[in-house]
Structure formats: structure tokens, C-alpha cells
Amino acid sequence: MAEWNAYYHNEDEEEEQEEGEQSGGDYKVTGRDSLVFLVDASKEMFIKGEDGQPSNFDMTMEVVRSVYTSKIISSHRDLVALVFYGTEQSKNPRNSFKHVYVYHDLDEPGAKRVRDVDGLQGDKGAQLAADTMGSGETSLGDALWCCANLYSDIKLRLSHKRLMIFTCRDDPHGDDSTKDRQARTKASDLKETGVVIDLMHMMKPGGFDVSLFFCDIVSPPEDESELGLQLEPCDKLDDLKKRVRAKEQKKRTMSRLNLCLGKGINVAVGMYATAVMTRKPSAIRLYRETNEPVRSKTRTFHTQTGSLLLPSEIKKAQVYGKKQIVMERDEVDTIKRFDDPGLLLMGFKPMEKLKLHHHIRPAVFLYPEEDEVKGSTCLFSALLMKCREKNVFALCRCISRRNYPPRFVALVPQKEEVDHGKVQITPPGFNAIFLPYADDIRTVDAPQCPVASQMQVNKMKEIVSKLRFKYRSDAFENPVVQQHYRNLEALALDMMAPEDTEDLIMPKVEQIDQRLGPLVQEFKDLVYPNGYNPESKPAAKRKTGQSGAEKKPKMEVSEDELKAHMQNGTLGKLTVPILKEACKQFGIRTTGTKKQELLDALTQHFQFFL
């Protein structure tokens, strides 16, 4: 999770930026995340499925490409590597390990890496992999040792180290107990250095038995609910993507707080943002000559002397009663501070007391932090269970960060939900809904509108029930953001044209018409009078006091008036319609309809009679 100020605008945010305060999250470990894909390159991985289904190798490459592109967009500073084991050729640092091919070193993802992975997909990709790497003996211990060297060669600080093994073989070494023992030993060494090993096993004939070998290789599940997930193989691309995404996504707290349930009873909880609006990234200013990013620096100068002011020399003031109240920075911090950050339980309320109009900002999610206070998970689970049983929410006072104003929040219990693949959809915990103060609610005078009859209301209820569907936020993508990244991807990957994006927010007119049927016409007959067409454009309103004859300009000109214009040289001041009407009146033939042609014809005609 990102920091608080990345999601919510606070009234004190601008002041904190001016004062130079650090607003980073309260993280135990700082640094970059790292992910290594360890892919089995044996011949079994290239066997296509039934009915033209993609092979396990193609599914793996599609997942790797998806993670690469998502990393480029969301967290481009993370490190990613792609390593194949069970190959005929060998390519790794110092070539110390046989049958291990490091395709991509541990580095930031880029457009070239995405193109490399694209080249490994399909029939041509399988042929390229066979020509480049081939399939040979398998030694998972050497592959894990090579991955350990990749981590040790990185001089940057890594906050999270994860290794994902993609294979369809549950017993890669056969009856070779020596290789099994070496792999288990090396996996244990990796886990001691903080590397989390996950198994992304795929379906094979006869089923995948994790207990044969890999149960001793992978790391224990972070949650007890994931134990069954580790035993189930993936047979579809969507299931594999979902599992990788669930493991790969960061779960960083916005802040860690103490939930005080009473005197001396504290529960440590982490505050998470479950959903964040996706926006296009801001443009980066570059120096014209070198294309290097330009760093901006702000300095404050005295308005009279022009001297540079230090932060200690700057004070703040506020006008009250026509008097300027000057305060030091420490005094401002003291005034803004209400209490220490934390959650204080005020009581419990039935769920019926929580209304939809109480929503004033996006809710956050609370989950226990066992490492902070021992026993937090047990007490948190008990509170969650009792709130669900009694159908109540906990009312708490929340101060999310230092110098933040207090808010009242409603802790609404949420139970855990999993899909058919035993992948967690919603975690168990509390949704903290921010409640408004009395000053935030105002009375709005409703506009006076015609009241609908009961028949009209019933007919509209039928229409609404026909068009009702279950809304899911993950089913609709922002077309503007999607098109933006498609364009960037096309430029970075040298594509001829960007991929087409489907606008999922547009209404499906054909399906709507099929669902409604004759209800639309029945509703129109009830609402609109006979003969009224609501789709026709209304007639233009005519101004009162004017008729059509008065609006029409005077077109007729007498012969004397034309001769007077000729003598005075003002014939050109007449408009084209008047000149046309004069030519038609006196029977003058013209070669065109332009003004100069009309003037020439009239001049020649009257000069002949003058």
C-alpha cells in the first residue's frame, strides 16, 4: 500500500510540504521489491493442451509478460528476473551451473524485455526456445543456487524478495535422491535469507502431487487459508494470472495504529487502501539538450532585502479580529495536535444506523498486526466475529497520523470470500467508513417537480428491475487510461499501431432493448400525451410582437432610386439579394450571381438608358 497522502487530500497537506516534513509510510523495511521467475524448460512444458489449448510454457510466458507490463506502469523501480532450468544450454554468471539459463538478470523491467518474452510465445517461440536453450537434465538445486547469486549480486536494498517456480513436473529429479537433498538444502538457505518461494504448478496428466517433492521447497503459507491454494494446480491462464497477481501485489500499510478497546487493552492494526483511482502519470520535465530529468528546487526570499530565508526564519500568521497573530512553527504543530495517532472505541451501533449518505471519502481496511502486539489477531478475530453475529458496527475515534484532525469512523465487519479456485476475493477484517460531522450535513431544498402517478412508478420499477445487474468495479476499466497506456506501449515496443481498447462503460443498446421489450413504449404511453414524440426537436420559439412579414427585409427598389445610386456612386452599398431582385425586376440578364457581376449588369443597363 502507498502512503496516506498519495490517496487522500488533507487540508494540512500543503502546509506539511512547505515545512519540508516527510510524509512517508511507517514501514519496517524500505527498499525495492524483487521477483524472480524460475521456469521449467523441460519438454513436458511445451506439450499443447486438448482442443488447441496453449501449452504450459505459453501460459507461463503470458503471465511473465503481464507482470512485466504491470511493473512498468505501477512500480518501474522493482527488480524482475527470468531464469530457465532444465535446459540443454547454460548461461549464468560465471557459468558455474549447468542446465540453468538466465534469460533476464535481476533488473528493472523495460520494453526490450517485453519484446523478448513476446518472442518466446506461440509455435515460433517454442522453436526459438528449443534453438536457444533446448531441454536437458534438471537440477533444481543448481537453479536455486543461481537465483541466490542473483540476489547476492544486487547492491541495492531490497524490501521484499520473492521466487516463483513454474513447472508441471511434481518429481523433477526422478529417483535421484542426491539432487532432491541438494534442492531442499538450497531452498532452506534461501528462506533463511528472507526469500519467499512460491510454487505456481500447472496441470499435468494424472494430477500434480505436491507432497512428492515441492512441499519441502516452497515457503509456508502466509495465511492458513492459502494452504489449500498451494495444493491445487492451475489448468487455465486466468487462474494462473490471478494466483500470480495475488502473490505479487504489495500489501503495504498506510499506517499502523493501536485500537484501544478499553483501559490497557490495545490491538495493533494496519490501515490499508483496498481500491485507489487510477490516473495517468504526470509528465516528467526533461532538459532539452541531454534529455535528463529536471529537478525543481524552491527557495524563499525576503520581499524587501532579497536575502535567502532559512526554514527557522519563517513564521506563520493568521488574522483574527483585524489583528495578525504570529506563531512559531512549534506553536503551529502544538495547535494542530489533538492527540496521539490511534483508534479509540466509543461504542457499538446497529447496522441500521449507518446510512448511505454518511459516505464522505473512500473507506480503508483494517487488519491485525501480530508482530506489533502479541495476541492482536486473536482479539481482533473475536471482535470481528461478535460484530457479525450481533449485526453491529464499532464506532471509533480515529487519528490516522500525527497532527491529523480526529474523525469518527464506523468499523463495519467483513467476512472472507474465496472463489472456486480457493483464491481469496475479500479478506476478513473491518472496513473503516469515515462519518461526517454535523457541520458536513446541510439541508437542501428539493426542487418542485410534477408528482408521478402510481401506475407510472410501477412501470418504471419494472424497467429498473429488468436493467438491474450485479456491479463489480473490476469489470469496468477507464477507457482514457487504457488508451493512454496502449499508446505508450505501442511507442515503446515499436508496434505499427496500438491495440484496440474496448469502452466498457458504453451502454449495450441491443441487450437493453431485448431485456425491456415493449416496456419502453408502455412507459411512454403512460407519461407522454397522445401524438407527442419525445425524440423530435422542439419548434423554434417566435418572438412576440413580430410577424413573418415584418422580419423579411425590403427587397424592391424603384428605378429612380437605382439611377440616384448610379449618379452618386453608391450602388455597391446595396446587398446581393436587393441587386438580384432589381435585375429580376427590370429583366436584366446576368452571367453570374456574384455581387460584382450584378453591379456590372445593372451599370451597363442604366448607362444605355441614361
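Which residues of the largest nonpolar core touch the most other members? In this predicted model, the largest nonpolar core holds 33 residues, and Leu38, Leu140, Leu163 and Phe214 are those that touch the most other members. Two or more residues are given to this core by each of β1 (32-40), β2 (79-85), β3 (100-107), α5 (140-152), β4 (158-167), α6 (177-192) and β5 (195-201), and the largest share, eight residues, comes from α5. A second core, separate from this one, has 31 residues, including Ala41, Phe57, Val67 and Tyr68. As a general background to such groupings, nonpolar side chains in soluble globular proteins tend to be buried together. The surroundings of phenylalanine 214 can be listed in detail: when residues up to four places away in sequence are not counted, Phe214 touches Leu140, Ile165, Thr167, Arg169, Asp170, Pro172, Leu199 and Phe208.

The protein chain as a whole has 610 residues, of which 34% count as buried, and its secondary structure consists of 18 helices and 16 strands. Among the contacts between residues at least 6 apart in sequence, 69% join residues at least 24 apart. The average pLDDT of the chain is 81, and 87% of the residues score at least 70. Over residues 1-29, however, the pLDDT is below 50, although this stretch has 70 contacts in the model beyond near neighbours in sequence. Residues 224-229 also have a pLDDT below 50, and for this stretch the model shows 10 contacts beyond near neighbours in sequence. Where pLDDT is low, the predicted coordinates should not be read in detail.

Strand β5, one of the elements that contribute to the largest core, is mostly covered, since seven of its seven residues are buried. Val195, Ile197, Leu199 and His201 point one way from this strand, while Val196, Asp198 and Met200 point the other way, and all of these residues are buried. In a regular strand the side chains alternate between the two faces of the sheet. The pairing of β5 with β4 is parallel and extends over seven bridges; within it, aspartate 198 of β5 is the bridge partner of methionine 164. Together with α6, these two strands make a right-handed β-α-β unit.

A contrasting picture is given by strand β8 (residues 316-320), which is hardly covered, the count of buried residues among its five residues being zero. This strand pairs with β9 (residues 323-327) in the antiparallel sense over five bridges, and alanine 317 stands opposite valine 326 in β9. Two residues lie between the strands of this hairpin, in which glycine 321 takes a positive phi near 65 degrees.

Positive phi values also occur at two asparagines. Most residues other than glycine have a negative phi, and most peptide bonds are trans. Asparagine 391, placed in the loop between α10 (376-390) and β12 (392-399), nevertheless has a positive phi near 55 degrees. Asparagine 403, found in the loop between β12 and β13, has a positive phi near 65 degrees. As to exposure, asparagine 391 counts as partly exposed because its relative accessibility is 41%, whereas asparagine 403 counts as buried because its relative accessibility is 4%.

Two polar residues illustrate how side chains meet other parts of the chain. Histidine 99 lies in the loop between β2 and β3, and its side chain reaches the backbone oxygen of threonine 87 at 2.8 Å. With neighbours within four places in sequence left aside, histidine 99 is in contact with Phe84, Tyr85, Gly86, Thr87, Glu88, Gln89, Ser90 and Glu137. From histidine 99 to leucine 140 the separation is 41 residues in sequence, and 9.5 Å in space from C-alpha to C-alpha.

Arginine 407 lies in strand β13 (residues 407-414), and it counts as buried because its relative accessible area of 18% is under the 20% cut-off. Its side chain makes a polar contact with the side chain of aspartate 440 at 3.4 Å. Aspartate 440 also appears among the residues that arginine 407 touches beyond four places in sequence, which are Ile360, Cys396, Arg397, Cys398, Phe434, Leu435, Pro436, Tyr437 and Asp440.

Definitions and conventions:
Residues are numbered from 1 along each chain as its sequence is written. This is a predicted model: local features need pLDDT of at least 70, side-chain atom pairs count only at pLDDT 80 or more; totals for chains, interfaces and linings use all residues. Side-chain values use heavy atoms; hydrogens and water are left out. A nonpolar core is a set of buried Ala, Val, Leu, Ile, Met, Phe, Trp, Tyr and Cys residues joined through side-chain atoms within 4.5 Å. Buried means under 20% relative accessible area, exposed over 50%, partly exposed in between (1.4 Å probe, protein chains only). Helices (H or I, at least four residues) and strands (E, at least two) are DSSP runs, numbered from the N terminus. Contact means heavy atoms within 4.5 Å. A polar contact is a pair of N or O atoms within 3.5 Å; within protein, one must be able to donate a hydrogen and the other to accept it, and residues adjacent in sequence count only if both atoms are side-chain atoms. Two strands pair if DSSP finds at least two bridges between them. A crossover is right-handed if, with the strands pointing away from the viewer, the path from the first strand over the helix to the second runs clockwise. pLDDT is the predictor's confidence in each residue, from 0 to 100.
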